[in-house]
Amino acid sequence: VVENQKITKMIDFNKALNLIKSNVKQISGNELLLVSESIGRISSKTCKSNIDIPEFDCSSMDGIVINQFDLNKKHEFKIVGESKAGMKRSKHFSSGECIFIYTGAPLPTGRKKVIPIEYCKIINNKNIVQVKNTIPTTNFIRKKGSDVKKKKVLIKKNEIMSLRDISLLFSTKQKKINVLRKPKIAVVLTGDEVIESRKMIASNNTLTIVNLVKFFGGNIVDVRYVEDDKQKLSNVFENLNKFDLLVTSGGISKGKYDFVKEVLKEKKVKILFDQVSIKPGKPTTFGKIASNRFFLGLPGNPVSCFIISIFFLREIINSYTDCERDLFNFEEVTSLNNFKNETKLTLFLRVKKIQKKEKISFQIYKTQDSHMNFVLKDASGLLILKPKESIHKNKKYNIISFKNIFYNYI
């Protein structure tokens, strides 16, 4: 890091994202975790099965099992036992005999035939089963290893663990899995107005950042509040718990009391960009603290903080885990407005979906101020509009639907 650093001038949205991708690398370190607690985590090693599934030949139906050589020769069998799921082995029997068998239960050794219960007539007082003359040709036997062979790769390195992955590992009796450690995130919220003792403004940015960090796969290691005091801010930075990423909210603009970038520069943090040509969120700042340790400065306005977090904070955590999580689901919807972006900025416009009968349209909110929490809450999603781009009434455009923002853990 150089002292007389040259800060990149205001850059566009995509260049800012690419700058994050090119600088942030996958973090080192992993942990051994219970499979039951691994949903959403990133596998750090390839995981292979230690057993065959099924572990033995077993029945796929409830019914009886007979010797194959009795098939079509005998139609009446003496019941001499049963085999049920959970047993490790089944008893042997002779010609003219059978045992009841249930789904998942082990078959006796040798060539056998499973006959579903609906093709059987049980004569209880004689302990006899009569079999219909015509039965299916299907054998209804699940062969050993027909689902999973021993040493088969179950989970590849760098996979996001889903509920289906966990279920598969459980079926192969895997109890633990190696996963990548979560990136450690420290959060500092600045401004006299957010100090709890002064009770001026509720710091909803705390909720936004902390919950999104958890949602994106990070680990919150510190949350601090500091008033507009340069020395106190410097002290807070010095005493944070060990982190990979420092996220601040507020104090990054050009106001009299915006000390964050000033303090960071004094601490030799290399600022990679300190303005992005977007609205809201233009003063967003990204810097390098040390090897693979970074700083993200978010605006203090709640809407700006939310929107910039779902793009930039998400991109940093994705880069730390070297795993592109699908987040946005774009919906093609008809516009009810004409709108032109007269600026040189990329706009993130809040929009409202309107449904009349089977037709779904959207309208752009007239008020897009970055302090308006209710508009953000009331909005159905975002429309990203490039500089000088126009929206035309009755034409279709892709919007990001808030209700379709999710991680597929299924």
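Start with the cysteines: a search of the whole structure, which is a predicted model, turns up zero disulfides. Select Cys-58, which takes part in no disulfide. The nearest cysteine sulfur belongs to Cys-120 and lies 18 Å away. Because the cut-off for a disulfide is 2.5 Å between sulfur atoms, that pair does not qualify. Cys-58 is buried, at a relative accessible area of 4%. Cys-305 is also worth selecting: its relative accessible area is 0%, so it counts as buried.

Next, go to the interior. The largest nonpolar core comprises 48 residues. To display its best-connected members, select Leu-245, Phe-273, Phe-286, Phe-311, Phe-312, Leu-313 and Ile-316, which have the most contacts inside it. Colour by element after that: at least two residues of this core come from each of several helices and strands, including α1 (13-23), β13 (184-190), α3 (204-216) and α6 (302-321). The biggest contribution is from α6, with eleven residues.

Centre on Phe-312. Setting aside neighbours within four places in sequence, Phe-312 touches Phe-13, Ala-16, Leu-17 and Ile-20, together with Phe-273, Val-276, Ile-278 and Leu-296.

A second core, separate from the one just shown, has 17 residues. Select Phe-237, Leu-246, Ile-252 and Phe-295, which are among them. In soluble globular proteins, nonpolar side chains tend to be buried together.

Finish on the surface, with an exception to that tendency. Ile-39, Leu-163 and Ile-410 make a nonpolar surface patch of about 280 Å². Ile-410 sits in the segment following β26 (396-401), and its relative accessible area of 58% makes it exposed.

Conventions:
Residues are numbered from 1 along each chain as its sequence is written. This is a predicted model: local features need pLDDT of at least 70, side-chain atom pairs count only at pLDDT 80 or more; totals for chains, interfaces and linings use all residues. Side-chain values use heavy atoms; hydrogens and water are left out. Patches are made of residues with over 30% relative accessible area and no salt bridge: like charges are joined within 9 Å, nonpolar side chains (Val, Leu, Ile, Met, Phe, Trp, Tyr) within 5 Å. Accessible areas come from the Shrake-Rupley method with a 1.4 Å probe; for residues, only the protein chains shown count as cover. A salt bridge is a side-chain nitrogen of Lys or Arg within 4 Å of a carboxyl oxygen of Asp or Glu. Helices (H or I, at least four residues) and strands (E, at least two) are DSSP runs, numbered from the N terminus. Buried means under 20% relative accessible area, exposed over 50%, partly exposed in between (1.4 Å probe, protein chains only). A nonpolar core is a set of buried Ala, Val, Leu, Ile, Met, Phe, Trp, Tyr and Cys residues joined through side-chain atoms within 4.5 Å. Contact means heavy atoms within 4.5 Å.
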